[in-house]
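Dear colleague,

Please find the structure below, handed over for your own work. My notes on its side-chain packing follow directly after it.

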Amino acid sequence: MQDTLPSSIAASQGRSAALSSVRDTRPRSPLALPGASATRLGRAGTWAFWRNLALCFCVFSVVGHWLEIGYCTLVRLGLLPGTYDPASQVWAGWLDPFCVYGFGAVACVLLLRPLKARLQRRLPGGIAPLAASFGVNMLVCVGIELANGLLFNQPLADGSLPLWDYRDLPCNFQGQVCLQTALAFGIVSTFLTWVVFPRLETLFARVPRRALDAAFAVVVAWFSLLLAL
């Protein structure tokens, strides 16, 4: 009995070490924060992480503009409530970056993706984590829009708001945010968090490092040119 007990303990320790080794050697997502698991915020420090984050910021600054064009088109056609403004900056140039959407994409990577993974671990089923994620995503996006509005969308001398104005929509706050756009942001950010970014991480993992470095140089140069024009 005394001889078998130490051997069983040694076998158990061996299995634990093997499991620990398996956990430690799993490939890490290129968008995951270095020094932390994919479900927790940590200290970022690698070139690959910052490169991929910058790519997301630049690309989604423009993609977000396209999504806003689609939203405003629905307003213009009368399919959504709101005021159509033909002089809006939205229609000025379809390649113009709207950096607020780039910051939203960064928030998805740094905050909403890890939070989604945590909700999936703690809440049962698939509907509860999705609903909770949608609610948090909506609040974060509304906070980003409100902060940008209070900084850059202050009333002009005639009382109008220069960039956007939701004062004609119900459940708005100072014309900067409203329930309708909050729901739209929640839907888009949840789609990004649950569908787009997981596939984007897979793509980053498969593309050679030199190709991503070249893409980074091209995209950043192109983005800087767009901002300068």
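R76 lies over the face of Y84, with a distance of 6.0 Å from the ring centre. A second contact of this kind involves K116, whose charged end sits over the ring of W194, 4.8 Å from its centre. Please bear in mind that the model is predicted.

Turning to contacts between rings, the structure holds nine aromatic pairs. In the pair of F49 and W50, the ring centres are 5.0 Å apart and the planes stand at 75°, so the arrangement is edge-to-face; the cut-off for that class is over 60 degrees. As to their surroundings, F49 is buried, because its relative accessible area of 1% falls under the 20% limit. W50, in contrast, has 44% relative accessibility and therefore counts as partly exposed. Elsewhere, F57, F103 and F223 form one aromatic cluster.

As regards the nonpolar interior, the largest core comprises 20 residues. Within this core, the residues with the most contacts are C56, F60, F197, L200 and F204. At least two of its residues come from each of the helices α2 (47–76), α3 (99–122), α5 (179–206) and α6 (209–228). The largest share, seven residues, is supplied by α2. Another core lies apart from this one and has five residues, including C72, V75, V90 and F98.

I would be glad to receive any comments you may have.

With kind regards

Technical notes
Residues are numbered from 1 along each chain as its sequence is written. This is a predicted model: local features need pLDDT of at least 70, side-chain atom pairs count only at pLDDT 80 or more; totals for chains, interfaces and linings use all residues. Side-chain values use heavy atoms; hydrogens and water are left out. A nonpolar core is a set of buried Ala, Val, Leu, Ile, Met, Phe, Trp, Tyr and Cys residues joined through side-chain atoms within 4.5 Å. Buried means under 20% relative accessible area, exposed over 50%, partly exposed in between (1.4 Å probe, protein chains only). Helices (H or I, at least four residues) and strands (E, at least two) are DSSP runs, numbered from the N terminus. Rings of Phe, Tyr and Trp (its six-membered ring) pair if their centres lie within 6.5 Å; planes under 30 degrees apart count as stacked, over 60 as edge-to-face and the rest as tilted. A charge sits over a ring if NZ of Lys or CZ of Arg is within 6 Å of the ring centre and within 35 degrees of the ring normal.
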